[in-house]
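I sat down with this one over coffee and kept notes as I went. Here is what I looked up, entry by entry.

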Amino acid sequence: MTNDPLELYIARFQTSLTGMTLAIRQDIVDEIRAHVYERMCVSGMAIPQILERLGPPEELAREYCTGALVTPKGGVFPLIVLRGVAMWGITAAHAFAIAFVAIWGYGMGVAFLIFALLRSVAPELTALWATADFNEIGIGPDRPFGARLVAENWLQPIAVGLGVVFLMLGTKALRWLIPSMKRWVRRAMQPIELPSLGGAGRKLARLSGDFFQAQARMVRRVRTHWQDS
Amino acid sequence: MPDEVKWEVQLRKGCLEMAVLAALAPARSYGLEIIRTLEKHSDLALSEGTVYPILNRLRDDGLVTSSWVESESGHPRKYYSLTRKGYDRAIRMAEVWMQFTAGVDALIEPLLPAPQKRARG
């Protein structure tokens with residue numbers, strides 16, 4: 001095990017950085033390490049002194065994880081819990097939307113591009129046909145009697161266009177959804193500060209104390225009464 | 001921590017985001033340079049570690065961008081620069097800050113001892 005104060009600090013810091021990808025965590029750690037080296041070069045400070053100025057590693061990591069610079073104002077207990085649940089709900093909805101866009105949007109984009117590619121290689125397998133009244137539409141070599149080929153020359157450019165549009169829209173949606181989800185995760189990860197029982201707790205304790213004292217007095221009286229009689 | 005000290009820390013932290021954006025307004029800068037700018041031009045005496053999570057959050061919010069650049073000192077530096085959105089936010093924050101302090105100044109004026117009043121006047 002190393003005794004290097006910087007490595008010990010980094011190890012504690014890294015362990016406390018949660019709720020982020022490895023790449024982001026590494027980037028943060030690299031920046032803190034760069035700060036220490038830079039500070040050492042610029043001001044000639046010793047590493048322990050620099051680390052002291054950075055603050056405890058767990059606290060530094062907590063500020064990265066939660067972004068909670070100012071303690072949130074307290075509120076009514078059920079509302080605080082509901083707020084936390086709602087935030088995780090919105091985060092989950094984001095995650096679902098990201099998965100949906102990534103699978104469906106990109107899937108459609110790639111499928112259209114593959115279709116366009118196949119159109120060059122095997123045109124008869126990728127032919128689009130339709131019956132005269134457009135009641136039946138299909139793709140492939142087996143078409144019903146009387147069905148005719150549709151958009152024969154335009155099929156490939158249309159497929160390429162649709163593929164590109166799906167990929168672009170998917171990317172655009174993900175570029176909006178991912179940062180938005182990160183913001184919600186950060187909000188959801190803020191520690192929930194439940195209100196203490198405070199005065200109510202003290203009152204309850206005093207009342208229960210009074211009750212047990214009264215009960216003990218009553219038992220003593222009954223016992224004395226029986227002994228006397 | 002006594003209540004008044006806690007309040008002061010929260011106050012400093014609260015306006016640190018605006019101060020960091022203001023420090024980045026003239027040109028791109030890296031963590032330690034931003035800290036030194038804040039030390040030089042403001043009274044925001046906070047632990048150095050406070051600035052980095054703020055920069056990280058500002059980047060996530062699209063207010064700043066960052067990139068690693070090799071420096072002459074031999075260590076790479078992570079430079080931050082304001083985005084258009086960050087610049088607009090900094091201006092808006094500065095305007096709100098000026099309005100806010102002007103309002104509160106008038107309110108707290110009677111609390112201050114005479115020499116401080118003269119200094120502020």
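**Confidence, chain A.** I began with how far to trust the coordinates, since this is a predicted model. Chain A averages a pLDDT of 80, with 83% of its residues scoring at least 70. I then found a weak stretch: residues 68-74 of chain A have a pLDDT below 50. That stretch still has 12 contacts in the model beyond near neighbours in sequence. I noted a caution to myself: where pLDDT is low, the predicted coordinates should not be read in detail.

**Confidence, chain B.** For chain B I found a mean pLDDT of 85, and 91% of the residues reach 70 or more. Which elements of chain B have the lowest and the highest mean pLDDT? Helix 5 of chain B (residues 114-120) is at the bottom with 62, and strand 1 of chain B (residues 29-30) is at the top with 94. I also wrote down the scores for the model, ipTM 0.78 and pTM 0.52.

**Sheet in chain A.** Next I traced the strands of chain A. Three of them form an open sheet in the order 2-1-3, with antiparallel pairing. Why do strand 2 and strand 3 of chain A each have one side without a neighbour in the sheet? Strand 2 (137-139) and strand 3 (148-149) stand at the edges and have a single partner strand each, so one side of each is left free of a neighbour there. I followed one pairing further: strand 1 of chain A (residues 128-130) and strand 3 of chain A are joined by 2 bridges. Among the residues involved, W129(A) has L149(A), in strand 3 of chain A, as its bridge partner.

**Helix 4 of chain B.** I checked the span of this helix, which covers residues 84-108. Its 25 residues reach 36 Å from first C-alpha to last, close to the 36 Å expected at 1.5 Å a residue. Which residues here are buried? I found G86(B), R89(B) and A90(B) buried in helix 4 of chain B. The cover over the buried residues of this helix includes helix 1 (3-24), helix 3 (51-60), strand 2 (64-70) and strand 3 (76-82) of chain B.

**Where the chains meet.** Last, I looked at the contact, which takes 22 residues from chain A and 20 residues from chain B. On the chain B side, the elements giving two or more residues are helix 1, helix 2 (31-41), helix 3 and strand 3 of chain B. Helix 3 of chain B gives the largest share, 5 residues. By type, I found 10 polar, 6 charged and 4 nonpolar residues on the side of chain B that touches chain A.

Key. Residues numbered from 1 in each chain as written. Chains lettered and ligands numbered in written order. Predicted model: local features only at pLDDT ≥ 70, side-chain atom pairs only at ≥ 80, totals over all residues. pLDDT = per-residue confidence, 0-100. Contact = placed C-beta atoms within 7 Å. Helix = DSSP H or I, 4+ residues; strand = E, 2+ residues; numbered from the N terminus. Expected span 1.5 Å × (residues − 1). Buried ≥ 20, exposed ≤ 12 C-beta atoms within 10 Å, placed from the backbone. Pairing = 2+ DSSP bridges. Nonpolar A, V, L, I, M, F, W, Y, C, P; charged D, E, K, R; others polar.
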